[in-house]
Amino acid sequence: MRITDTSDLWWKSAVIYCLDVETFLDADGDGIGDLEGLAQRIDYLADLGITCLWLMPFYPSPDRDDGYDIKDYLSVDERLGDLGRMVEILRLAHDRGLRVIADLVVNHTSDQHPWFRRSRAEKDPAKNPYRDYYVWRADEPGDTSAQVVFPDQEDSIWTKDDKTGEWYLHHFYRHQPDLNLDHPEVVAELLRAVGFWLELGFDGFRVDGVPFFAQGPGKEGGDDLVDPHAFMKQLRDFVQLRRGDAVTLGEVNLAHEDQLAFFGGDAADEFHMQFDFIGMQATYLSMARQDARPLATALQERPELHRTNQWATFLRNHDELTLDKLSDAERQEVFDAFGPEERMQVYGRGLKRRLPTMMGGEPRRLRMAYSLLFSLPGTPTLYYGEEIGMGEDLAAEGRMAVRTPMQWSATKNGGFSSARPSRLVQPVVGDGYGPEHVNVMDQLHDPDSLLSWIRTLIRIRHACPELGWGELEILEHDAGPAVLAHRLSLESTAVVAVHNLGADPVTVTVPTHGFGGDPRVVDLVTHDVLAAPGTEVPCALEGYGVRWLRVRPTGDLAVP
Ligand code: GLC
């Protein structure tokens, strides 16, 4: 690896930040966040240190699935702004060194999309060129309730359309008909949209709902399954032709071997990146048990990736905190530890909460969790508000619990909007996690705040390419199962991170072998240079304590 590779393959050492424009900052006072507001906060994001902004869907939408129901792929929802404002965001972000990626929802559209309106008008494809843009069947589908994504809202993945008496496929809500990704015209339309946003200046896409691309036209589960890889290869190829350094990041919550296939295997010709859902769920299981082994196992079982590929790591996103890859007993352990009440859970598989409440308001544990996230091999992804420890609104419906307005200050509406509270797109979180207690302003200049801690972690990421590129080794130690000690080695240097997932203090002896007899060891948080005679460093950790060390041979001139 050469240092210049880190710019060519920028996503391998990025820090991603996800936000929804409508809940970030409202500049025009109508209660809905907008692009003008986001423009005001690009410097905040640059100062935080993130390098890539992921914008949740901003397209025109009836907004019945928070914008994931798109009715026009080539425009901006007028509540948020317009294309001119979007270009301003891209200009500003690029000027500050930030890249911007867009959510790309190709599995389905809104039922308000003109393609669907035309599709349902006439059932004979010979007369209706739009009929096969979606997936229709003439016969009764039978019971498909086990396949729905939102079991509290839908009981079938097929809905009968009165207009033609046929059923259309929808894995998500019935107002989100699945596109037929096997149809050349559909693919061409979608790629046209991809090309449009790339030309405008976007740096890539987060691709939504990938596991559902594999549907059969007409007959779900039949022999005629759409090959999702064929679509992905076309998407990747097109993106690559138009913008060689644009990235594709897949939401592919599948088993490792299936994820490997969506990276394109050895050919690496599908996604550049995918979220590590398995690692995320193992992290929660480890934290619940105060036992690092499930996480260590998940990390060790990750398939080896092509050098251009990367995992995107995360602890929270805009959806339910899914625990679907754990066994029933494991999921119950996480529920018991972090969301024991039914109102904290959703879809029988996930949690509605954000981290601070799950960690019982225990600041050291919260910091440990984020430190752990930033120490894992991969590219860390933050969801807005995590950096200040925002809580959730359990009274909000399902996943909306974590989609509350960003809390900028202790003033009205948390500084999000000047509108009357009743006009806000979502109510601001109240009580102990409300803006009086949790906001950016208070934390910005407080060196002991969570925000300052997250900035420190991001600073470390920027200083240490080992974290995005290094080879992982889980270190043996004798401090008990609560401690994860791992090393990421890259050529002559390494980062060693030690995390105590337990509440009791421990002392860990960290091996520093392989760097000559007297390596140089720097504490990456305090900047202390440690004496490391021999090949080990003793680390005393408090309950939920962490330690970050950089190890290199003496005489190596790299900084720090
Ligand atoms: C993805 C998104 C989720 C959305 C769904 C349907 O899972 O993360 O928010 O509702 O796709 O587009």
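The ligand occupies the space of the second largest pocket of this predicted model. A pocket is an open set of points on a 1 Å grid over the protein atoms alone, where a 1.4 Å probe fits, with protein on both sides within 12 Å along at least five of seven lines; lining residues have an atom within 4 Å of a point. A molecule sits in a pocket if more than half of its atoms lie within 2 Å of its grid points. Residues are numbered from 1 along each chain as its sequence is written. In this predicted model, local features need pLDDT of at least 70 and side-chain atom pairs count only at pLDDT 80 or more, while totals for chains, interfaces and linings use all residues; side-chain values use heavy atoms, with hydrogens and water left out.

The second largest pocket holds about 500 Å³ of space (the volume filled by probe spheres set on the points, which are joined across faces, edges and corners). Its lining comprises 25 residues, and Val 149, Phe 172, Phe 212, Glu 251 and Glu 320 are the closest to its centre.

Residues around the ligand (a heavy atom within 4 Å) include Asp 65, Tyr 68, His 108 and Phe 172. Polar contacts are pairs of N or O atoms within 3.5 Å. A polar side-chain atom of Arg 399 is 2.8 Å from a ligand oxygen atom; for Glu 251 the distance to a ligand oxygen atom is 3.0 Å, and for Arg 206 it is 3.1 Å. Of the 310 Å² of accessible area that the ligand has on its own (Shrake-Rupley method, 1.4 Å probe), the protein covers 96%.

Conventions:
Polar contact = N/O pair within 3.5 Å; in protein donor to acceptor, adjacent residues only side chain to side chain.
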